[in-house]
Amino acid sequence: MKIVILEDNLERQAAMNRCLTDRFYQHEIVFFDNVKEMRECLENDLSSVLLIGLDHDLELKAQPNGTLTDPGSGRAVADYLVQQPPTCPVVIHTT
């Protein structure tokens, strides 16, 4: 079983990881900083997910060529999840 979290801030990832590994050491904790990769994970293996954490506001990501890309938002993942059978709790977190 695993806990999957959409969070782009490395400090918040570290804080969440410390708390979760202390309490849920037996489960894998996986962080995503963009919706596309998280959604692919959920589409491939939603049945093994114990808990989903969603950050709503992700920051634009700088690319090597100087452009910015939009990594999406937790809302896009929530829109996907409402079309699936309920399998686990979802926590929405944002600043």
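**Exercise 1. Is Ser48 of this predicted model buried or exposed, and what surrounds it?**

Start with the number: Ser48 has a relative accessible area of 17%. The cut-off for buried is under 20%, so Ser48 counts as buried. Now place it in the chain. Ser48 sits in the loop that links helix H2 (35-45) to E3. Next, look for partners. The side chain of Ser48 makes a polar contact of 2.7 Å with the side chain of Asp45. Leaving out residues up to four places away in sequence, Ser48 also touches Met1 and Lys2.

**Exercise 2. Work out which strands pair with E3, and why E3 is largely enclosed by the rest of the structure.**

Take one partner at a time. Strand E1 (residues 2-6) is joined to E3 by five bridges, and the two run parallel. To check this on screen, find Ile3: its bridge partner in E3 is Leu51. Then go to strand E6 (residues 90-93), which is joined to E3 by four bridges, again in a parallel arrangement. Here the pair to look for is Ile52 with Val90, the latter in E6.

Now for the enclosure. E3 covers residues 49-55, and five of its seven residues are buried, so the strand is largely enclosed by the rest of the structure.

**Exercise 3. Find out which residues of the largest nonpolar core touch the most other members, and which elements supply the core.**

The core has 17 residues, and those touching the most other members are Val4, Leu6, Met38, Leu42, Ile52 and Val77. Sort the core by element next: E1, strand E2 (28-32), H2, E3 and helix H3 (74-81) each give at least two residues to this core. H2 makes the largest contribution, with four residues.

Leu42 is a handy place to zoom in. Setting aside residues up to four places away in sequence, Leu42 touches Val4, Val49, Ile52, Val77, Tyr80 and Leu81.

**Exercise 4. Follow Tyr80: where does it lie, is it buried or exposed, and what does it touch?**

Tyr80 lies in helix H3. With 8% relative accessibility, Tyr80 counts as buried. Not counting residues up to four places away in sequence, Tyr80 touches Arg39, Leu42 and Glu43. For a sense of distance, try Tyr25: the two tyrosines, Tyr80 and Tyr25, are 55 residues apart in sequence, and their C-alpha atoms are 28 Å apart in space.

**Exercise 5. How many salt bridges are there, and how exposed are the partners in three of them?**

The count comes to seven salt bridges. As background, side chains of opposite charge can pair when their charged atoms come close.

Step one is Glu7 with Arg12, a salt bridge with an N to O distance of 3.2 Å. Glu7 is buried, at 0% relative accessibility, whereas Arg12 is partly exposed at 31%.

Step two is Asp22 with Arg23, where N and O are 3.9 Å apart. That still passes, since the cut-off is within 4 Å. Asp22 is exposed at 56% relative accessibility, and Arg23 is exposed too, with a relative accessible area of 62%.

Step three is Glu40 with Lys36, whose closest N and O atoms are 2.9 Å apart. Both Glu40 and Lys36 belong to helix H2 and are four residues apart, about one turn of the helix. Glu40 is partly exposed, with a relative accessible area of 36%, while Lys36 is exposed at 60%.

**Exercise 6. Check the span of helix H1, then look at which residue caps its N-terminal end.**

H1 covers residues 10-23, that is, 14 residues. The rule takes 1.5 Å times one less than the number of residues, so a span of 20 Å is expected for H1. The end C-alpha atoms of H1 are 20 Å apart, which agrees.

Now the cap. Asn9, in the loop between E1 and H1, caps the N-terminal end of H1. A side-chain oxygen of Asn9 lies 2.9 Å from the backbone nitrogen of Glu11. Asn9 is partly exposed, with a relative accessible area of 25%. One last distance to try: Asn9 and Gly74 are 65 residues apart along the chain, and their C-alpha atoms are separated by 14 Å.

Key: Residues numbered from 1 in each chain as written. Predicted model: local features only at pLDDT ≥ 70, side-chain atom pairs only at ≥ 80, totals over all residues. Heavy atoms only, no water. Buried < 20%, exposed > 50% of the residue type's maximum accessible area, 1.4 Å probe, protein only. Pairing = 2+ DSSP bridges. Polar contact = N/O pair within 3.5 Å; in protein donor to acceptor, adjacent residues only side chain to side chain. Contact = heavy atoms within 4.5 Å. Core = buried A, V, L, I, M, F, W, Y, C linked by side-chain atoms within 4.5 Å. Salt bridge = Lys/Arg side-chain N within 4 Å of Asp/Glu carboxyl O.
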